[in-house]
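Here is a guided look at a protein structure for you to explore. Keep the sequence and the 3D view side by side as you read.

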There are 2 protein chains.
Amino acid sequence: MQMDGHQIQIDGERLWDSIQAYAQIGATAKGGVKRLAFSTLDYEARDQFVDECVEMQMSISRDEIGNIFATMEGSDVELPAVLVGSHLDSQPTGGKYDGALGVLAGLEIAKSLYAAGKRPMRTLQLINFANEEGARFAPAMMGSGVFAGKLNLAEMLEKTDLDGVSVQQAISLDRSGAHPTREGRPIDSYFEIHIEQGPLLEMEGVPVGAVTGAQAQRWYEATVIGSEAHAGPTPMIGRQDAGLGAAELALAVEQIALAHGPDGRGTVGVIVPSPMSPNVIPGSVFLTIDTRHPEEDVLLQMKDALLNAANQIAEKRRLQVEITETWHSPMTPFDERLVSRLEHFAAERQLDCRRIWSGAGHDAVYVAASGVPTVMVFVQTKDGISHNESESIKKEDAVAGCELLCDAVLERLFSEVEL
Amino acid sequence: MQMDGHQIQIDGERLWDSIQAYAQIGATAKGGVKRLAFSTLDYEARDQFVDECVEMQMSISRDEIGNIFATMEGSDVELPAVLVGSHLDSQPTGGKYDGALGVLAGLEIAKSLYAAGKRPMRTLQLINFANEEGARFAPAMMGSGVFAGKLNLAEMLEKTDLDGVSVQQAISLDRSGAHPTREGRPIDSYFEIHIEQGPLLEMEGVPVGAVTGAQAQRWYEATVIGSEAHAGPTPMIGRQDAGLGAAELALAVEQIALAHGPDGRGTVGVIVPSPMSPNVIPGSVFLTIDTRHPEEDVLLQMKDALLNAANQIAEKRRLQVEITETWHSPMTPFDERLVSRLEHFAAERQLDCRRIWSGAGHDAVYVAASGVPTVMVFVQTKDGISHNESESIKKEDAVAGCELLCDAVLERLFSEVEL
């Protein structure tokens with residue numbers, strides 16, 4: 001299976017230096033990165049990526065939503081291409097590794113092939129997906145969503161940031177010199193390496209994970225309506241305190257997630273009481289509920305439990321509790337064959353690797369949802385912290401993860417056999 | 001005791017018409033009143049009050065914080081004066097009765113004396129306390145607080161509204177023509193009638209209450225600190241969700257108030273999670289806690305219980321919970337002799353009247369705290385709702401309450417005996 005890509009090895013030092021170098025673009029005082037989508041700093045990182053690819057004679061194209069494709073043509077151009085991607089944009093106070101690791105791992109694979117003078121059998125295409133974070137322009141994973149046909153291009157181009165600048169306007173500043181043409185070539189497979197953004201690998205002392213897919217998500221908005229009243233004269237008995245209803249709802253969300261553990265997740269991230277005055281009993285509260293589970297039917301059971309809990313709280317406290325589902329992201333399994341190959345190569349390298357579900361969304365999720373055989377490698381993340389300037393990973397884990405990714409990518413690049 | 005004031009009766013129709021007339025000044029579309037302290041509309045109401053008093057040959061003075069005093073000199077100017085007051089300012093979406101009832105009840109007593117050609121033995125002084133609501137300029141009860149020597153005049157004059165206008169500047173717009181001199185005459189007693197702003201009288205079908213004093217209050221600010229993390233990849237076990245800690249704290253506040261019932265009160269009115277994102281576990285939450293009880297030592301027991309609950313939540317959820325007391329308003333008993341006189345006159349009138357604690361702050365509380373014998377009459381409030389345009393009371397209850405107040409005021413006005 002390995003063919004003659006087998007001898008190619010990535011250069012771990014070069015990879016790590018590259019990550020640290022890109023982290024200087026938009027570096028923050030606290031050691032993080034601020035590289036909002038389509039900002040000057042994002043363009044600087046994009047340009048640097050394009051320049052490095054051009055140096056290796058890779059051809060560059062850019063599609064209408066701003067995704068950058070760097071192509072190393074394979075010896076057999078009829079064979080579907082192997083894609084490696086992630087994103088260079090960051091959160092406003094993001095870390096050095098979220099996204100950049102994946103783009104630069106792909107770049108390192110290309111550099112290793114180029115340095116070895118090896119032309120792959122299949123075409124290798126590196127992708128920098130635009131606006132994965134959604135921090136400046138919502139929604140997140142905009143570039144991969146449009147690429148995968150899951151988000152509407154025209155709608156996305158009209159999205160604006162808080163200053164009223166549209167995606168269309170922001171993309172027009174692209175100085176990459178690439179042709180704004182849509183990529184349409186057949187795809188063999190998609191690979192992405194990313195920091196875990198959770199604590200599981202660290203808790204188990206495992207450096208890398210073979211990602212089996214992304215959890216299903218259902219998001220809700222809840223409104224708890226009670227009766228605003230004066231905190232002094234109003235007896236405790238008989239109050240219709242929307243704040244306490246919301247508190248019980250938040251705790252119910254936790255209980256529901258625990259009851260559907262260990263994979264169930266339930267989070268109340270937003271709580272806004274009204275009228276928000278120290279001596280007024282809240283008359284209403286708005287809150288958001290984020291639920292996740294790898295299995296769709298379990299996620300629906302969690303929904304039932306949520307609606308039941310809401311009814312019980314409403315009845316007990318004589319409140320109205322209204323719950324509206326605002327978003328459903330279906331469970332997205334990755335390609336089982338590719339997951340197995342990751343495990344195979346990890347075993348060959350005597351690298352400790354466990355299967356893991358992705359709780360977060362990634363560009364890979366949209367790509368997988370469009371039917372492309374997809375897999376991800378996760379790298380252990382310090383304290384599970386991301387979207388934070390203190391985000392950190394170990395160099396040896398990053399290198400080990402990229403070596404593993406490279407093994408699987410090379411196997412596809414040098415295989416004429418279809419998946 | 002009653003002397004020759006005994007025959008004076010207020011005119012209930014005139015009182016009610018007066019209340020409705022003042023409610024036109026700043027009337028809102030929903031039937032409420034917007035008359036923020038020192039606004040043009042507040043000055044309109046103040047001017048109307050002054051005009052009505054001047055028509056009765058009362059003398060007007062105004063102190064440095066903007067309280068208006070309208071004085072009907074008694075036949076024996078050596079005797080300490082009897083004060084009747086409340087406030088004409090309102091909440092932004094306030095009701096017709098909160099404050100205005102008390103000022104206009106005093107005015108009605110003066111009108112009744114004037115119409116009957118009766119000069120009281122003691123001086124009658126009507127007071128419109130400035131900025132009771134604190135809605136435009138915090139803190140609340142500013143005028144009575146300065147009058148009572150409990151708030152510092154210079155500090156209060158520097159307080160600004162959201163537009164940066166200071167109290168000093170706003171007061172300078174006063175067109176009442178009064179001299180800004182501080183009142184310093186000896187005081188016999190202070191009377192105030194006010195809507196209950198709670199549901200107790202209505203629940204018991206009692207039209208009026210004889211207020212025994214104001215509950216002690218302790219206010220706190222709490223910060224719950226956990227660890228911000230991604231709602232997807234982070235397992236339920238091991239989360240340090242500050243939002244859930246805050247939810248448990250809010251519910252603990254309720255339990256503590258219930259355990260110190262029926263007079264204990266505990267309210268969480270403000271809850272602000274951070275970073276306030278649907279898919280991020282709250283890393284910290286700010287909340288306010290308002291606790292009240294008529295007895296200081298019970299309120300301190302409630303404080304102990306609160307700190308214990310906070311520690312338990314912190315330990316159980318591995319959070320930091322910091323609680324800071326931000327305000328203490330001591331228990332303020334009203335004058336037992338005056339309370340008893342109210343009960344006496346209620347019995348004479350076969351008016352159903354019960355003793356009641358004030359859960360809210362009132363101008364009377366500062367006046368009582370300064371050592372002046374003080375009492376309040378409460379009027380049943382529809383659904384206990386105030387600080388709301390739908391605030392409502394029954395005409396017959398308002399009239400009965402004012403008659404009761406008038407009985408007690410006249411007794412003092414026509415008595416040369418000291419309390």
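## A glycine after a helix

Let's begin with B:Gly117, which sits just after H3(B) and takes a positive phi of about 65 degrees. Keep in mind that this is a predicted model.

The helix before this glycine, H3 of chain B, covers residues 100–116. How far apart should its ends be? At 1.5 Å a residue, its 17 residues should span 24 Å, and the end C-alpha atoms are indeed 24 Å apart, which agrees. Is this helix mostly covered or mostly uncovered? H3(B) is mostly covered, with 14 of its 17 residues buried.

## A buried leucine in chain B

Now move along chain B to B:Leu342, which you will find in helix H10, residues 336–348. Is B:Leu342 buried or exposed? There are 26 other C-beta atoms within 10 Å, and 20 or more are enough to call a residue buried, so B:Leu342 is buried.

Which residues does B:Leu342 touch, leaving aside those up to four places away in sequence? They are B:Ala210, B:Cys353, B:Val375, B:Val377, B:Leu404 and B:Ala408. You can also look at B:Gly401, which is 59 residues away from B:Leu342 along the chain. The C-alpha atoms of B:Leu342 and B:Gly401 are separated by 10.0 Å.

## Chain A as a whole

Next, turn to chain A, where you can find 12 helices and 17 strands. The radius of gyration of chain A is 23 Å, close to the 22 Å that the globule rule gives for 419 residues, so chain A is as compact as a globular protein of that length. Along its principal axes, the C-alpha trace of chain A spans about 80 × 45 × 40 Å.

Of the 419 residues in chain A, 58% are buried. If you take the contacts in chain A between residues at least 6 apart in sequence, 78% of them join residues at least 24 apart.

## Two domains in chain A

How is chain A divided? The domain assignment gives domain 1 (3–214 + 331–413) and domain 2 (216–329). The C-alpha centres of these two domains of chain A lie 36 Å apart. Their contact takes 5 residues from domain 1 of chain A and 8 residues from domain 2 of chain A. On the domain 1 side, the residues that touch domain 2 are 2 nonpolar, 3 polar and no charged.

## Where the two chains meet

Chain A and chain B each give 53 residues to their contact. On the side of chain A, the elements that supply two or more residues are strands E9 (229–230), E10 (265–267), E11 (271–274), E12 (280–281) and E13 (284–293), together with helix H8 (242–259). The largest share, 9 residues, comes from H8(A). Sorted by class, this side of chain A has 26 nonpolar, 20 polar and 7 charged residues.

## How the copies are related

Two copies of a chain are related by a rotation about an axis and a shift along it. What rotation superposes chain A on chain B? A rotation of 179 degrees does so, with 0.1 Å of shift along its axis and an RMSD of 0.2 Å. That is the relation of a two-fold axis. In chain A, the C-alpha nearest this axis belongs to A:Ala247, 2.1 Å from it.

Finally, 100% of the interface residues of chain A are also interface residues in chain B, so the copies meet through the same surface.

Conventions:
Residues numbered from 1 in each chain as written. Chains lettered and ligands numbered in written order. Predicted model: local features only at pLDDT ≥ 70, side-chain atom pairs only at ≥ 80, totals over all residues. Helix = DSSP H or I, 4+ residues; strand = E, 2+ residues; numbered from the N terminus. Expected span 1.5 Å × (residues − 1). Buried ≥ 20, exposed ≤ 12 C-beta atoms within 10 Å, placed from the backbone. Domains from an automatic or database assignment. Contact = placed C-beta atoms within 7 Å. Nonpolar A, V, L, I, M, F, W, Y, C, P; charged D, E, K, R; others polar. Least-squares fit on C-alpha atoms with pLDDT ≥ 70 in both. Rg over C-alpha atoms; globule rule 2.2 N^0.38 Å.
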